[in-house]
Amino acid sequence: MTPGTPITVRGLTRRFGQVLAVDDLSFDVAPGRVTGFLGPNGAGKTTTLRMILGLARPDAGTATIGGRAYVDIPQPTREVGAVLEASSFHPGRTAIQHLLLFAPAAGATRARCDELLALVGLTDAAERRVGGFSLGMRQRLGLATALLGDPQVLILDEPTNGLDPGGIAWLRSFLRGFAADGRTVLVSSHVLSEVQQSVDDVVVLAHGRMVHASPLSELAALATPAVHVTSPDASGLARLVATHGWAVAPGAPADGSRTSVALLGTTTGVVGAAAHAANLELHELRGETPGLEDVFLSLVGEAPPLQRHAAEPTTAQEGRA
Ligand SMILES: Nc1ncnc2c1ncn2[C@@H]1O[C@H](COP(=O)(O)OP(=O)(O)OP(=O)(O)O)[C@@H](O)[C@H]1O
């Protein structure tokens with residue numbers, strides 16, 4: 001087992017003119033696990049990754065890999081492999097020429113280059129010019145390049161972009177194996193569902209700020225099941241809700257004007273029995289537990305807020321009705 005190399009981000013901040021792209025961001029990426037770095041377009045993921053990799057200077061804060069800033073790592077390509085842009089290839093070079101160009105700096109042999117092309121499924125395309133590659137093929141070649149130095153840490157920006165379902169499944173098992181070796185993986189995505197089966201931990205970003213960080217398994221715990229109730233008798237429904245003191249999800253005020261409400265902290269059985277006892281006619285009685293993607297979208301402010309156990313609203317939710 002190789003010693004682990006954590007990534008540590010503390011108070012990272014970067015402004016572009018009026019845009020606060022990354023705002024006082026702190027999180028940890030643990031070795032031996034795959035961490036998903038999630039957020040919608042423009043959330044600040046790429047800017048953060050660029051600062052971790054020494055490609056952009058923070059206005060404040062630090063990012064270290066194994067305790068050192070990237071620029072202070074003596075042989076960085078042997079410590080850290082990264083794919084930020086799938087398009088940064090010389091179009092006239094073939095895949096193997098591309099790898100051979102970067103091989104010396106990473107201490108990789110021709111045999112290692114061939115091995116990596118095979119690993120990413122590009123053996124048949126080894127002699128083809130990169131200019132004719134699809135986005136998915138470029139992603140694969142980028143990954144092979146990042147792996148030249150057999151790094152302890154892998155940082156991938158939106159690696160599922162352009163990959164077909166088979167490619168995504170392959171990447172998932174590759175990342176799992178890489179982390180199982182005690183290595184560190186940080187992978188960004190704007191779609192949770194594309195990395196959901198790959199990641200152990202999630203760091204969720206919105207408007208440059210961290211809105212959530214936990215093991216993936218704890219993300220679902222943020223959502224509270226709701227009971228959806230519809231009755232033709234709006235005032236009777238409002239009375240029933242008031243009598244029992246049920247919490248009502250935002251967007252469905254129990255002010256006597258709504259015929260449908262979503263109730264929190266109760267069950268379909270309890271509501272059904274109470275409606276029966278009150279002789280209230282119901283047209284709908286349905287329990288629903290939000291899925292992981294719903295929780296994610298709610299966290300980043302792209303869906304109606306879910307009721308969450310945490311009392312504090314997130315930054316992304318504060319501006320919402
Ligand atoms: N070089 C730059 N100059 C000016 N603004 C920038 C620059 N780089 C990023 N930004 C801005 O900073 C914010 C964060 O961008 P960033 O690319 O880091 O987000 P992202 O989460 O990676 O988004 P995407 O998923 O679209 O790649 C955006 O508002 C973006 O327009």
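**Ligand shell and overall organisation of the predicted model**

Helix H1 provides the largest share of the shell around the ligand, contributing 3 residues. The structure described here is a predicted model, and the arrangement of the ligand site is presented before that of the chain as a whole. Strand S2, which spans residues 19-29, and helix H1, which spans residues 45-52, each supply at least two residues of this shell. The residues around the ligand are Phe16, Val19 and Ala21, followed further along the sequence by Pro40, Asn41, Gly42, Ala43, Gly44, Lys45, Thr46 and Thr47, and finally by Glu158. When these residues are sorted by class, the shell is found to hold 5 nonpolar, 5 polar and 2 charged residues.

Several polar contacts link the protein to oxygen atoms of the ligand, and both side-chain and backbone atoms take part in them. In the case of Thr47, a polar side-chain atom lies 2.5 Å from an oxygen atom of the ligand, while for Asn41 a polar side-chain atom is placed 3.1 Å from a ligand oxygen. Gly42, by contrast, takes part through its backbone, a polar atom of which is 2.7 Å from an oxygen atom of the ligand. The ligand on its own has 630 Å² of accessible area, and the protein covers 58% of this area.

Turning to the chain as a whole, the model contains 12 helices and 13 strands. The chain has 321 residues, of which 49% count as buried, and its accessible surface comes to about 14,700 Å², with 52% of that surface belonging to carbon and sulfur atoms. Among the contacts in the chain with a separation of 6 or more, 67% are accounted for by residues that stand 24 or more positions apart in the sequence.

The chain is divided into domain 1, covering residues 7-221, and domain 2, covering residues 223-300. The C-alpha centres of domain 1 and domain 2 lie 43 Å apart, and the contact between them takes 17 residues from domain 1 and 7 residues from domain 2.

A further detail concerns Arg112, which lies in helix H4, a helix formed by residues 110-119. Once its neighbours within four places in sequence are left aside, Arg112 is in contact with Leu147, Leu148 and Asp150. With Leu147 there is also a polar contact, in which a polar atom of the Arg112 side chain lies 2.7 Å from the backbone oxygen of Leu147.

How values were computed
Residues numbered from 1 in each chain as written. Predicted model: local features only at pLDDT ≥ 70, side-chain atom pairs only at ≥ 80, totals over all residues. Heavy atoms only, no water. Near = heavy atom within 4 Å. Polar contact = N/O pair within 3.5 Å; in protein donor to acceptor, adjacent residues only side chain to side chain. Areas by Shrake-Rupley, 256 points an atom, 1.4 Å probe, with all protein chains shown as cover. Helix = DSSP H or I, 4+ residues; strand = E, 2+ residues; numbered from the N terminus. Nonpolar A, V, L, I, M, F, W, Y, C, P; charged D, E, K, R; others polar. Buried < 20%, exposed > 50% of the residue type's maximum accessible area, 1.4 Å probe, protein only. Contact = heavy atoms within 4.5 Å. Domains from an automatic or database assignment.
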